[in-house]
Amino acid sequence: TVRPPRSGRDCAADGSASPQAVSAENEACWEPAWSPTGDQLALTCAPFGPAETPYPESQVVLIQAQSGERRALISQPGAAQFSPAWSPDGKRIAYAVSGGGQSGIHVVETAEGSADLALSAHEGDHSPQWSPDGSWIAFASDPAMGQRALFTPQPDAQAEIYLVRPDGSGLLLLVSGLPFADFCWTAEGDRIVFTQRPDTQTGNA
């Protein structure tokens, strides 16, 4: 089991300022993502739980860069939220949900009080990424992955990559049956590049 880092901090890239904590002492924060305009930071935060609970209930949190004011993106009791990804225009965030009868990829406008839209409905859906023009969202899915596997991924997991429109239409299976490690869009948005884990038996990638 790998636990998340103890706290989140930000600092100037040129080293001109001291790091500033963006998380409380009793919580873990990870997966920071700046908004396209740089005025907000989205990240996953969760209170520390028992040692035997590797994936405590978590929320996607928004933090104002100037004031440090923070709020939960959306309330989903009983569910773990993670993997926040900003839309190119900065008006929406796609994120993953596990548990609470709400598992899958969701998208919500960043304005406070906005309702979310479920784009998929599987426990193993995670890591949404917007296409550069914002017309598609790609996400990964591991049919065998549960909450524990999010922090302890299995090297032989057979994963899939899907595409879906931000309104929930056009769901398309793009890649299946491959032990890939990560993926990203090309700058043109016409292709998706992914890395593949070596075969555990042959060692081939």
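This report walks through a predicted model of one protein chain, from its overall make-up to two residues of one strand.

**The chain as a whole**

Let's start with the broad picture. The protein chain contains 16 strands and one helix. Of its 205 residues, 42% count as buried. The chain exposes about 10700 Å², and carbon and sulfur atoms supply 51% of that area. Looking at contacts between residues at least 6 apart in sequence, 36% join residues at least 24 apart.

**How far to trust it**

The mean pLDDT of the protein chain is 80, with 72% of the residues at 70 or more. Among the elements, strand β9 (residues 104-109) has the highest mean pLDDT, at 96, while helix α1 (residues 147-151) has the lowest, at 48. Two stretches also deserve a careful eye. Residues 1-8 have pLDDT below 50, and in the model this stretch has 27 contacts beyond near neighbours in sequence. Residues 201-205 are below 50 as well, and there the count of such contacts is seven. Where pLDDT is low, the predicted coordinates should not be read in detail.

**Two residues of strand β11**

Now for a look at strand β11, which spans residues 125-130. D125 is found in this strand, and S127 lies in it too. Their side-chain polar contacts are set out here.

| Residue | Side-chain partner | Distance |
|---|---|---|
| D125 | S120 | 2.7 Å |
| S127 | H126 | 2.8 Å |

Is D125 buried or exposed? D125 is buried, because its relative accessible area is 3%, and the cut-off for buried is under 20%. Leaving aside neighbours within four places in sequence, D125 is in contact with F82, A96, G104, I105, S120, F139, A140 and S141. S120 therefore appears both in this list and as the polar partner of the D125 side chain, going by the cut-off of 4.5 Å for a contact. Two other names in the list, G104 and I105, fall within strand β9 (residues 104-109).

S127 has a relative accessible area of 24%, so this residue is partly exposed; the partly exposed class lies between 20% and 50%. Not counting residues up to four places away in sequence, S127 touches S83, A138, F139, A140 and F183. F139 and A140 are also among the contacts of D125.

Which residue lies 7.3 Å from S127, C-alpha to C-alpha, though 32 residues apart in sequence? That residue is Y95.

Notes. Residues are numbered from 1 along each chain as its sequence is written. Side-chain values use heavy atoms; hydrogens and water are left out. pLDDT is the predictor's confidence in each residue, from 0 to 100. Helices (H or I, at least four residues) and strands (E, at least two) are DSSP runs, numbered from the N terminus. Buried means under 20% relative accessible area, exposed over 50%, partly exposed in between (1.4 Å probe, protein chains only). A polar contact is a pair of N or O atoms within 3.5 Å; within protein, one must be able to donate a hydrogen and the other to accept it, and residues adjacent in sequence count only if both atoms are side-chain atoms. Accessible areas come from the Shrake-Rupley method with a 1.4 Å probe; for residues, only the protein chains shown count as cover.
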